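User: I have just opened this one and would like a careful walk through it. Could you start with the cysteines?

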Amino acid sequence: MIQIALLTYNPFAENTYVLYDESLEALVIDPGMQSPAEQAHFQEFVQQNQLKVVGLLNTHCHVDHVFGNQFVKDTYQVGLQIHKLDLPTLQAAQIAAQMYNIRPFVPSTPDSFLEAGEVINFGNNSTLEVLFVPGHAPGHVAFLSREQNFVIGGDVLFRQSIGRTDFPGCNHQDLLNSIRTQLFTLPNDLRVYPGHGLETTIGYEKQYNPFLQD
């Protein structure tokens, strides 16, 4: 059974997720640790839980979600996987950090590219399905567990909100379409773990999200 650990890092209060099962093999999704203290905190969490990090995934490559990419790659000797359409976003992350007056960080490059419908396997038969959900970023993906009824959604759908679409490469209509065709077709009780803030469910957002009322 997949366990979901949420670790919140950096000035943007970004949600970094660590997914692992009884095998203790772990996937890291959107590592946002920026400072040495945050990196040490992450390492302590991995060590205390005796985890073996076997994969590194980005839902998308905005700067707050990629601060820790190279740290995780170097520390645990794993490759980075992103969607190919978000490569320009990743390449622009250093410029974005400068715009926010954030100190430089070690940039990263992807080692392989994710495809819509791809199944990621880890641990004891644990799986995640890749959903393509562009709009907040051109190559945004989400990671769905149909067996355990949850999705790691990045910055697509929040509790009573949605992702911003005023960044380069964003498209508001694409975002709404992604939510309605890829997420709102999932079960109402499916849990959504977003890139910022509290978890929610598909049914709750259908009923209460002001951006998605017809």
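Analyst: This is a predicted model. The sulfur of Cys170 is 13 Å from the closest cysteine sulfur, which belongs to Cys61, and that is too far for a bond. Searching the whole structure gives zero disulfides, and Cys61 is likewise in no disulfide.

User: Is Cys170 buried or exposed?

Analyst: Cys170 counts as buried, because its relative accessibility is 17% and the cut-off for buried is under 20%. Cys61 is also buried, with a relative accessible area of 1%.

User: OK, on to the interior. Which residues touch the most other members of the largest nonpolar core?

Analyst: Those are Val18, Phe42, Phe45 and Val72, in a core of 29 residues. At least two residues of this core come from each of β1 (3–9), β2 (14–20), β3 (25–29), α1 (36–48), β4 (52–57), α2 (69–76), β5 (80–83) and α4 (93–99). As a general background, nonpolar side chains in soluble globular proteins tend to be buried together.

User: What is Phe45 in contact with, leaving aside its neighbours within four places in sequence?

Analyst: Phe45 is in contact with Ala5, Leu7, Val18, Tyr20 and Leu51. Elsewhere there is a second, separate core of 18 residues, which includes Leu131, Ala142, Val151 and Ile202.

User: You listed α2 there. How many of its eight residues are buried?

Analyst: Six of the eight are buried, so α2 is mostly covered. The buried ones are Asn69, Gln70, Phe71, Val72, Lys73 and Tyr76, and they pack against β3, α1, β4, β5 and α3 (87–91). After α2 comes Gln77, which has a positive phi near 55°.

User: How do β3 and β4 pair, parallel or antiparallel?

Analyst: They pair in the parallel sense, over five bridges, with Glu25 standing opposite Lys52 in β4. Together with α1, these two strands make a right-handed β-α-β unit. On to the next pairing, β4 and β5 are parallel too, over two bridges, and here Leu56 stands opposite Leu80 in β5.

User: And which strands form the open sheet with mixed pairing?

Analyst: Six strands form that sheet, in the order β7-β8-β9-β10-β13-β14. The edges are taken by β7 (119–122) and β14, and because each has a single partner strand, one side of each is left without a neighbour in the sheet.

User: Let's look at those edges. What does β7 pair with?

Analyst: β7 pairs with strand β8 (residues 126–132) in the antiparallel sense, over four bridges, and Ile120 stands opposite Leu128 in β8. The two strands form a hairpin with three residues between them, and Gly123 in the turn has a positive phi of about 60°. β7 also has two faces, a covered one with Ile120 and Phe122 and an uncovered one with Val119 and Asn121. At the other edge, β14 pairs with β13 in the antiparallel sense over two bridges, and Thr201 in β14 is the bridge partner of Arg191.

User: Where does His196 lie?

Analyst: His196 lies in the loop between β13 (191–194) and β14 (200–201). It counts as buried, because its relative accessibility is 19% and the cut-off is under 20%.

User: Which residues does His196 touch, not counting those up to four places away in sequence?

Analyst: His196 touches Phe12, Ala13, Glu14, Asn15, Asp64, His65, Asp155 and Phe158. With Asp64, the side chain of His196 makes a polar contact of 3.1 Å to the side chain of that residue. With Ala13, the backbone oxygen lies 3.2 Å from a polar atom of the His196 side chain.

User: Last one, Ser112. What does it touch, not counting residues up to four places away in sequence?

Analyst: Ser112 touches Leu80, Gln81 and Ile82. Ser112 is found in strand β6 (residues 112–114) and counts as partly exposed, at 29% relative accessibility. The C-alpha atoms of Ser112 and Gly79 are separated by 7.4 Å, although the two residues are 33 residues apart along the chain.

How values were computed. Residues numbered from 1 in each chain as written. Predicted model: local features only at pLDDT ≥ 70, side-chain atom pairs only at ≥ 80, totals over all residues. Heavy atoms only, no water. Core = buried A, V, L, I, M, F, W, Y, C linked by side-chain atoms within 4.5 Å. Buried < 20%, exposed > 50% of the residue type's maximum accessible area, 1.4 Å probe, protein only. Contact = heavy atoms within 4.5 Å. Polar contact = N/O pair within 3.5 Å; in protein donor to acceptor, adjacent residues only side chain to side chain. Pairing = 2+ DSSP bridges. Right-handed = clockwise from strand over helix to strand, strands pointing away. Disulfide = S-S within 2.5 Å.
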